[in-house]
Amino acid sequence: MKVALLSESPADETALRVLVGAVLRATPRFVAPGFRARGWPNVAQLMPAVIRHLHFNTDTDVLVVVVDADDSVVHLAEHDRPGYFHPHCRMCQLRAVHRQTTKKLPAAHGRARVVRAIGVAVPAIEAWYLCGRDPTVNEAAWVAGREGGRPPYSRAELKLRVYGTDRPSLPHEITCALQEVERHRHDTRRLEHDFRGFAALASDLRAARAEPAESAPPGSGQPG
Ligand SMILES: [Zn+2]
């Protein structure tokens with residue numbers, strides 16, 4: 001399986017490679033280097049061009065996109081209802097961008113489309129890094145705190161807990177990120193349990209693995 005990553009930083013990408021491999025229980029082939037966006041809304045803006053490029057110019061099977069939720073609406077179970085779309089939820093928005101971009105693409109390289117695997121880290125990827133180390137940090141705590149008007153932690157606090165500073169250098173950020181995701185290398189269940197935005201990513205990845213190449217019409221390209 002060939003996987004491309006679209007994320008917000010080189011540190012995120014390094015950690016995500018480990019987590020994607022952990023979910024798939026195998027190291028996929030990664031498109032290198034990954035695609036990088038400068039935060040939101042740049043990710044959603046870049047995504048159509050990335051999808052079209054991967055579709056026509058490569059044999060990539062899956063595009064992994066991971067963004068921080070920041071203060072946006074958190075994706076809830078009710079958003080998964082068929083036809084439902086929350087305009088302020090980044091998961092709903094990114095899924096819609098993928099749907100709209102791939103809808104009219106002709107088959108290429110033996111597959112109908114590049115499949116998506118989308119994760120949203122609530123409120124930031126540092127919360128995922130703290131999973132299994134700091135039990136107060138999880139998606140439910142964030143949602144409950146925000147509903148009560150008092151978020152349980154800020155993004156700066158999460159950075160401080162992970163990096164020891166809220167302004168880490170890139171090498172320090174990568175070192176810390178790799179250290180933290182090591183806990184999940186052989187088992188991502190805790191991360192999936194505590195973070196629905198990660199569980200959604202894992203579920204997309206497993207669906208993609210179950211069906212590595214979506215069937216393309218006969219004669220539409222060479223086998224992938
Ligand atoms: Zn949503």
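**Group meeting: a walk through a zinc-bound model**

Let's start with a loop: P123 sits between β5 (115-121) and α4, and the peptide bond leading into P123 from V122 is cis, with omega near -10 degrees. Helices here are DSSP runs of H or I with at least four residues, strands are runs of E with at least two, and both are numbered from the N terminus.

Before I go on, some housekeeping. This is a predicted model, where local features need pLDDT of at least 70 and side-chain atom pairs count only at pLDDT 80 or more, while totals for chains, interfaces and linings use all residues. Residues are numbered from 1 along each chain as its sequence is written, and side-chain values use heavy atoms, with hydrogens and water left out.

Back to the backbone. There's a cis bond between A32 and P33 too, with omega about -10 degrees, and P33 is in the loop between β2 (29-30) and β3 (35-36). For background, most peptide bonds are trans, and most residues other than glycine have a negative phi. With that in mind, look at R25, which has a positive phi near 55 degrees. R25 is in the loop between α1 and β2, and R25 is exposed at 64% relative accessible area. Then there's D70, not a glycine either, with a positive phi of about 50 degrees. D70 is buried, at 19%. The cut-offs are under 20% relative accessible area for buried, over 50% for exposed and partly exposed in between, using a 1.4 Å probe and protein chains only.

D70 lies in the loop between β4 and α3, which takes us to the zinc. So which protein residues hold the zinc ion as donors? They are H75 and H79, each through ND1, and C89 and C92, each through SG, at 2.0 to 2.3 Å. Donors are N, O and S atoms within 2.8 Å of the metal (3.2 Å for Na, K and Ca); water is not among the atoms, so sites may look incomplete. The spacing along the sequence is H-x3-H-x9-C-x2-C. H75 comes from the loop between β4 (62-68) and α3 (90-103), while C92 is in helix α3, so the pair links distant parts of the chain, 17 residues apart. H75 is buried at 10%, and C92 is buried at 4%. The site is tetrahedral, with angles of 103 to 114 degrees among its 4 donor atoms; for four donors that label requires all angles to lie between 85 and 135 degrees. The ideal tetrahedral value is 109.5 degrees.

Now helix α5, residues 139-147. Which of its residues are buried? E139, W142 and G145. Down the helix axis they fall within an arc of 135 degrees, so they line one face; the arc is taken over directions from the axis to the C-beta atoms. A140 and E147 are exposed on the other side. The cover over the buried residues includes α8 (189-194) and α9 (196-210), where contact means heavy atoms within 4.5 Å. After α5 comes G149, with a positive phi near 80 degrees.

Helix α6 (residues 155-163) buries L158, V162 and Y163. Their arc is 105 degrees, so they too line one face of the helix. Among the elements covering them are α4 (125-130) and α7 (170-181).

Last stop: L5, in strand β1 (residues 2-7). L5 is buried at 2%, and its contacts beyond four places in sequence include F30, L63 and V64.

Technical notes. Four donors count as tetrahedral if all angles lie between 85 and 135 degrees; four count as square planar and six as octahedral if opposite donors are over 155 degrees apart and all others between 65 and 115; anything else is irregular.
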